[in-house]
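Here is a short tour to read alongside the coordinates. Please keep the viewer open as you go.

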Amino acid sequence: MSDLAILGSILAAMFAAATPLLFAALGELVVEKSGVLNLGVEGMMLVGAVCGFAVTVQTGSATTGLVVAALAGAATSSLFALLTLFLLANQVATGLALTLFGVGLSALIGQGFVGIPLEGLPKLNIPGLTDLPVVGQALFGQDILVYLAIAAVPLVHLFLYHSRAGLVLRAVGENHTAAHALGYKVLRIRFLAVLFGGAMAGLGGAFLSMDYTPMWAENMTSGRGWIALALVVFATWKPARVMLGAWLFGGVTILQLHVQGMGVEVPSQLLSMLPYLATVLVLVLISRDVARIRLNAPASLGKLFHPDA
Amino acid sequence: MSLLRLEPRGQASKAMVYATPLLAVALTLASGFILFLLLGFDPLKALYAFFVAPLTSTRGVGELIVKATPLVLCAVGLAIGFRANVWNIGAEGQLTIGAITGGGLALAFYGDGGWWLLPLMVIGGAAGGAAWAAVPAFLRLRFNASEILTSLMLNYVALLLLNYLVHGPFRDPDGFAFPESRLFEADAVMPILWSGTRVHLGALFALLAVAGGWVLMARTFIGFQIKVIGLTPAAAGYAGFDQKRIIWFALLLSGALAGLAGMGEVAGPIGQINASISPGYGYTAIIVAFLGRLHPVGILLAGLLMALSFIGGEAAQIAMNLPKAITGVFQGMLLFFLLASDVLIRYRVRFGARRAVA
């Protein structure tokens, strides 16, 4: 392959690697904007991944698979919502529980599906454009989910900052007592936000199992749910920055794979550490500015709300 | 008004603190019954194979203790952190590093060990785990980075490091390229406490950790500070408690205990370093800590129960071909039910419409 062709394929792979992170992080961003911290992203992604995969294998319809993946993610998140919103359980502990449960449940559902290959989603092909050097494959040769994830960025932004519903959601996240006093249904709004986060995480997981590496393996998200959580902080709760962050991580992941592929004399396991170390690094870089985090983080994030109290 | 509502209790119910774990276990068993039914297994037979059969032999009881050992060690440390709102979820990584540093000493002194080697490994394992936990502590205090995310990321890094080591520097030079180290020599192996089983010295360490954890929380000033910081951080601030020191303390202690657990695994039941030291002890320990009410004695009981879910999963897989993944589902369900029923500690469930307040 020529250098340009390699660059083109790296770019294309970077967008693809960023997609699951983008889905999951955008969903979590909306959840956190409503004042809820759901640490169960990894678990919801896994459930979405296995359900999407299993349904696609069974029905042969990827569309059905994707819909079911989103629904499965939302259903998983509803457990979290039930516990934290209505039974007033600690959000950190419940989020951890959701991840542990999701790991187990997805392994149980997926046990009959290990080793089955899947074709993956069809890729866009526009004669002329897709064949463009360098950017052709990256911009015009992806599948529907990659475009959907990117399209979700302005949509989430429009919803949060230019719609009445988004304003209410942010108000609930900033000060749930005041929002409640104004007559907004704090719990209902948060419940819907959590469901949205679950559906997005489910889609992110399904992208992994149905397209990125079209197969099912236990724990196949390998920490992407947690990286998505870090991305939300990195983005200081702004949708456009989530996209930048996701591309950055997609880039690190792909670069690391390419370095391995080029036969560089570094053990593959050490290179595989890079995305995780990069996550720690960006967290440190962004969190050190305490004032900025405090300014941008939803003020009621992680706090429990009981309408009678 | 809804038919069902929650009414705050004037005071947290002490009885419920102890009752909800039992309620959660009962609900988990009931759900397990339904789950087995849905999967097409005889639910009573499956529950028996899972939770009773493993305890009917000496070997089974021994295995229970073997599996509870790392769980209790990790959970005692985690619980102390959780009490102070320090969310170390990196026990899995700290355990792995403890296995690497403790077990690495066994390999480094292979062939010229002595009585001193095992104590050295104990210290090395604890120090390795503590050092790994020091990273999130430092990043939290110096850079305000969430210890939840950093400690979790380091789990993946630790596992990859272990994987690299057993494929490279630690690999048995006389082996057949299997990703595992030499078998440790007798000097580097934990003594067996109960002959006929694999119960090893680590079990004693776990009991000591329980006792030490209890003394720390109930009888020392630092334990008092931890509790105050966890309950009302503002009050701790007014009292002039050094929160930074508590965060350091909680993370280093839990890291050291997890590291000790990891060292105990490689020098105990495993007897070498390989790529699969832990079936997720560090994560399950989080459940153990909560189920045990963040109390050392509770953790001991919870650790035994969760150990049962591990060996029950294996036994049921062999006996009835039940999928092993059920273990994870049970563990997750248990924590869910516990967190859900904990609402009863601070609230009463009331039926019917709200009474007029007198």
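The notes below take up one chain, then two of its helices, then the contact between chains and one residue.

**Chain B as a whole**

Please bear in mind that this is a predicted model. Chain B is built from 14 helices and two strands. Its radius of gyration is 22 Å, close to the 21 Å that the globule rule gives for 358 residues, so chain B is as compact as a globular protein of that length. Measured out along its principal axes, the C-alpha trace of chain B spans about 80 × 60 × 30 Å. How much of the chain counts as buried? Of the 358 residues in chain B, the share is 55%. The contacts of chain B can also be sorted by sequence separation: among those between residues at least 6 apart, 78% join residues at least 24 apart.

**Two helices of chain B**

Two helices invite a look at their spans, set out here with the values expected at 1.5 Å a residue.

| Helix | Residues | Length | End-to-end C-alpha distance | Expected span |
|---|---|---|---|---|
| α5(B) | 117-143 | 27 residues | 38 Å | 39 Å |
| α6(B) | 147-167 | 21 residues | 30 Å | 30 Å |

For α5(B), the 38 Å between the end C-alpha atoms agrees with the 39 Å that its 27 residues should span. Just after α5(B) comes B:N144, which has a positive phi, near 65°. Helix α6(B) likewise reaches a distance close to the expected one. It is also mostly covered, with 19 of the 21 residues of α6(B) buried.

**Where the chains meet**

Now turn to the contact between the chains, to which chain A gives 41 residues and chain B gives 37 residues. On the chain A side, several helices each supply at least two residues, among them α3 (62-86), α4 (91-110) and α13 (274-287). Which helix provides the largest share of that side? It is α4(A), with twelve residues. By residue type, the side of chain A that touches chain B divides into 31 nonpolar, nine polar and one charged.

**A residue in α4(A)**

Helix α4 of chain A also holds A:I109. Is A:I109 buried or exposed? There are 21 other C-beta atoms within 10 Å of A:I109, and the cut-off for burial is 20 or more, so A:I109 is buried. Leaving aside residues up to four places away in sequence, A:I109 touches A:V50, A:C51 and A:A54. By contrast, A:A179 lies 70 residues from A:I109 in sequence and 40 Å from it in space, C-alpha to C-alpha.

Note on methods. Residues numbered from 1 in each chain as written. Chains lettered and ligands numbered in written order. Predicted model: local features only at pLDDT ≥ 70, side-chain atom pairs only at ≥ 80, totals over all residues. Contact = placed C-beta atoms within 7 Å. Helix = DSSP H or I, 4+ residues; strand = E, 2+ residues; numbered from the N terminus. Nonpolar A, V, L, I, M, F, W, Y, C, P; charged D, E, K, R; others polar. Buried ≥ 20, exposed ≤ 12 C-beta atoms within 10 Å, placed from the backbone. Expected span 1.5 Å × (residues − 1). Rg over C-alpha atoms; globule rule 2.2 N^0.38 Å.
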